[in-house]
Amino acid sequence: GKISSINVKSKAVKEIPFQVSAKHKMAETVRFQQDAAPEKFQAKAIRHTITSPDGKTLVFNAVGHIWKMSLPNGTAKRLTDTPDFEFEPAFSADGSSIVFVSWNDEGMGTIMEMNIVSGTTKKLTSKKGIYRTPNYSPDGKQIVYRKEGGNYHQGFLHSKKPGLYLKSSQDNNEGELLTAEGEYPKFSAD
């Protein structure tokens with residue numbers, strides 16, 4: 001490298017000579033063996049934890065998927081077998097079903113419903129988007145959820161008209177925008 005001096009008026013460039021004396025110690029880089037994707041490991045954190053209405057089952061997110069565990073001392077078992085990431089489950093009032101959001105980078109987000117007993121799932125949204133925090137109405141016939149306006153991790157494509165939405169839980173039609181404001185929507189008991 002070089003250091004130069006520039007005369008602002010004449011724009012003449014003159015090299016400034018310099019010399020450096022230095023001593024360097026060289027050492028081998030410390031490296032640790034890392035197994036990036038082990039077959040088995042112990043999850044250290046769980047998120048989006050919910051308890052069934054009868055208090056007998058815990059459902060939660062761990063390692064990007066939805067899990068179920070009988071209370072008080074059951075063994076956690078994954079509920080789904082899709083490669084998609086799954087988050088934010090919510091129980092129906094009768095405890096027979098859950099709704100949750102899923103995500104993959106190609107298909108983007110969707111709201112899913114799963115019958116806890118049979119394990120069958122169905123898609124409750126047909127349009128791509130970033131969906132969050134779905135919740136059932138007390139009678140289970142509707143769900144309310146948040147549609148996000150996009151972000152730098154998941155992108156901004158298919159993120160028009162963000163806000164809280166209401167839709168039937170019986171079909172995959174697009175919901176009705178209730179308000180552009182708010183988060184974590186829930187129904188009151190009545």
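Let's start with a word that comes up below: a residue counts as buried when its relative accessible area is under 20%, exposed when it is over 50%, and partly exposed in between, using a 1.4 Å probe and protein chains only. Strands here are DSSP runs of E with at least two residues, numbered from the N terminus. Two of them pair if DSSP finds at least two bridges between them.

What you're looking at is a predicted model, where local features need pLDDT of at least 70, side-chain atom pairs count only at pLDDT 80 or more, and totals for chains, interfaces and linings use all residues. Residues are numbered from 1 along each chain as its sequence is written, and side-chain values use heavy atoms, with hydrogens and water left out.

**The sheet from β7 to β10**

This one is an open sheet of 4 strands in the order β7-β8-β9-β10, with antiparallel pairing. At its edges sit β7 (85–91) and β10 (121–123), each pairing on one side only. On average, neighbouring strands are turned by 25 degrees against each other, direction ignored; the angles come from axes, which are lines fitted to C-alpha atoms, and run from 0 to 180 degrees between N-to-C directions.

Have a look at β8. It is mostly covered, with 7 of its 8 residues buried. Going from β7 to β8, you pass through a hairpin with 5 residues in between, and glycine 95 in that turn has a positive phi of about 80 degrees. Across this pair, alanine 90 faces valine 99 of β8, while phenylalanine 91 is opposite isoleucine 98 of β8. In a regular strand, side chains alternate between the two faces of the sheet.

On the way from β8 to β9 there is another hairpin, this time through 3 residues. Tryptophan 103 has glycine 109 in β9 as its bridge partner.

**The sheet from β11 to β14**

Further along the chain, β11-β12-β13-β14 is the order of an open sheet of 4 strands, again with antiparallel pairing. Its edge strands are β11 (131–136) and β14 (176–179); each has a single partner strand, so one side of each is left without a neighbour in the sheet. From one strand to the next, the twist averages 30 degrees. Tyrosine 145 has tyrosine 165 in β13 as its bridge partner.

Here are some of the antiparallel pairs from both sheets:

| Pair | Residues | Bridges |
|---|---|---|
| β7 and β8 | β8: residues 97–104 | 5 bridges |
| β8 and β9 | β9: residues 108–115 | 8 bridges |
| β12 and β13 | β12: residues 142–147; β13: residues 163–168 | 6 bridges |
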